[in-house]
Amino acid sequence: MRWLDANSSRVKLIAAAVLLVGCVVTAGSEQQLPTLPTRPNPPASPGQAPNPNDDNDGDTMAHRAMVQQAQRRNSQRQQEIVNAADKLVTLTQQLKAEMEKGSKDQTSAANIKKAEEIEKLAKSVKEKMKGS
């Protein structure tokens, strides 16, 4: 009985973590990457057309490519977090239903395994949210 009380509090804690993850993911999806400042182009001589082989054009393109790559990585990471949070919700609901269906004194190895899987998934979501 004591294990069940601890386990149901663990399930409540995990459910709260899932809700928190959902809120943070929603807030994080609205976040924009800051634009990095670019170097100003040097003034051209009067009457002279800008040089198409200018080094700044290469830097600007490289900068733009880096920003786009960072945005793609960020959106991919956010999508992974959303998918993992959805899986967390599903697993938590399944565990809750199984716990309610079974007797109060009985716990199964499957429920323990599912709780451990939920815990592991919650930790991975937390690490992804940190950006690690």
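Asn111 is buried in this predicted model, because its relative accessible area is 5%, and buried means under 20%. The residue belongs to helix H3, which covers residues 109–130. Leaving aside residues up to four places away in sequence, Asn111 touches Leu95, Glu98 and Met99.

Two of these partners, Leu95 and Met99, appear again in the largest nonpolar core. That core has 12 residues in all. Its members are Ile14, Ile81, Ala84, Leu88, Leu91, Leu95, Met99, Ala115, Ile118, Leu121, Ala122 and Val125. Helix H2, residues 55–101, and helix H3 are the elements that give two or more residues to this core. The most come from H2, which gives 6 residues.

The wider picture concerns the protein chain as a whole. The chain holds 3 helices and 0 strands, so that read from the N terminus on, its elements run α-α-α. Contacts in the chain can also be sorted by how far apart the partners lie in sequence. Among contacts with a separation of 6 or more, 77% are between residues 24 or more positions apart.

Burial and surface complete the description. The protein chain has 132 residues, and 21% of them count as buried; Asn111 is one of the buried residues. The area that the chain exposes is about 10,000 Å². Carbon and sulfur atoms supply 55% of that area.

Terms used
Residues are numbered from 1 along each chain as its sequence is written. This is a predicted model: local features need pLDDT of at least 70, side-chain atom pairs count only at pLDDT 80 or more; totals for chains, interfaces and linings use all residues. Side-chain values use heavy atoms; hydrogens and water are left out. Helices (H or I, at least four residues) and strands (E, at least two) are DSSP runs, numbered from the N terminus. Buried means under 20% relative accessible area, exposed over 50%, partly exposed in between (1.4 Å probe, protein chains only). Contact means heavy atoms within 4.5 Å. Accessible areas come from the Shrake-Rupley method with a 1.4 Å probe; for residues, only the protein chains shown count as cover. A nonpolar core is a set of buried Ala, Val, Leu, Ile, Met, Phe, Trp, Tyr and Cys residues joined through side-chain atoms within 4.5 Å.
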